[in-house]
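Hi everyone, thanks for coming. I'd like to walk you through one structure today, so have a look at this.

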Amino acid sequence: MTTRREQILDTAATLFAERGFHGVSMHDIGGACGISGPALYKHFAGKDDILTQALTSISEQLLAEGRARSLAAPDPSEALDALIAWHIDFALSHPALIVIQEREWANLGVEGRREVRALQLAYIDIWVDVVRRLRDDLDAAEARAAVQATFGLLNSTPHSARIGPEVMRTRLAAMARASLLA
């Protein structure tokens, strides 16, 4: 069951992706959630806080699920497949968050950028570890570059997903695996 807080974050992310951070007011977010703009202040300090919490929350989810999937996998190959599947699920189901991560990064406060970046780097490190167990010829910097390039591929879905989600999922999984193991 979605909480009011999650509803606000999801709605705000969609609005920020559609109109840009500065094109959305607290009143707009509240109206889209079926509450008054001032009622949002029961949940968030302001629009900046909503943006920060949206990106922090999804970064925490990516990290937690990435860790869980990597640890649950019986071997590095299955860990890679689990990480790829998880990131594809995220990319296909949260395109607004990808767009605001790209476009609204500068609107995050310094502390918000620091927190989100730390979570993202920890998530990348999970992938780097798995890739290096499969590709012992790569040093950490090369594996990180491969992982981040693959994220670029997977995170392009808000701009490129013009085919059905299952076809896109299959195509992305094959491309991600091939790029990481090339």
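I'll start with the overall fold and then move to the inside.

Keep in mind that this is a predicted model. So, what do we have? The protein chain has nine helices and zero strands. If you trace it from the N terminus, you just read α-α-α-α-α-α-α-α-α. The radius of gyration is 17 Å, close to the 16 Å that the globule rule gives for 182 residues, so the chain is as compact as a globular protein of that length. Along the principal axes, the C-alpha atoms fill a box of roughly 55 × 35 × 30 Å.

Now, how do the parts of the chain meet? Take contacts between residues at least 6 apart in sequence: 68% of them join residues at least 24 apart.

Let's go inside. Buried residues make up 44% of the 182. The largest nonpolar core has 58 residues, and Phe-16, Ile-29, Ile-50, Ile-100 and Trp-127 touch the most other members. Several helices each put at least two residues into this core, including α1 (4-19), α3 (47-72) and α9 (165-181). Which helix gives the most? That's α6, with nine residues.

Let's zoom in on Ile-50. Skipping its neighbours within four places in sequence, Ile-50 is in contact with Ile-8, Leu-9, Ala-12, Phe-16, Met-26, Ile-29 and Phe-44.

And the outside? The chain exposes about 9100 Å², and carbon and sulfur atoms supply 55% of that. As for charges, there are 19 positive and 23 negative ones, and their mean positions are 4 Å apart.

That's my tour, thanks!

Terms used:
Residues are numbered from 1 along each chain as its sequence is written. This is a predicted model: local features need pLDDT of at least 70, side-chain atom pairs count only at pLDDT 80 or more; totals for chains, interfaces and linings use all residues. Side-chain values use heavy atoms; hydrogens and water are left out. Helices (H or I, at least four residues) and strands (E, at least two) are DSSP runs, numbered from the N terminus. The radius of gyration is taken over C-alpha atoms; the globule rule is 2.2 Å times the number of residues to the power 0.38. Buried means under 20% relative accessible area, exposed over 50%, partly exposed in between (1.4 Å probe, protein chains only). Contact means heavy atoms within 4.5 Å. Accessible areas come from the Shrake-Rupley method with a 1.4 Å probe; for residues, only the protein chains shown count as cover. Lys and Arg count as positive and Asp and Glu as negative; His and the chain ends are not counted. The place of a charge is taken as NZ of Lys, CZ of Arg, CG of Asp or CD of Glu. A nonpolar core is a set of buried Ala, Val, Leu, Ile, Met, Phe, Trp, Tyr and Cys residues joined through side-chain atoms within 4.5 Å.
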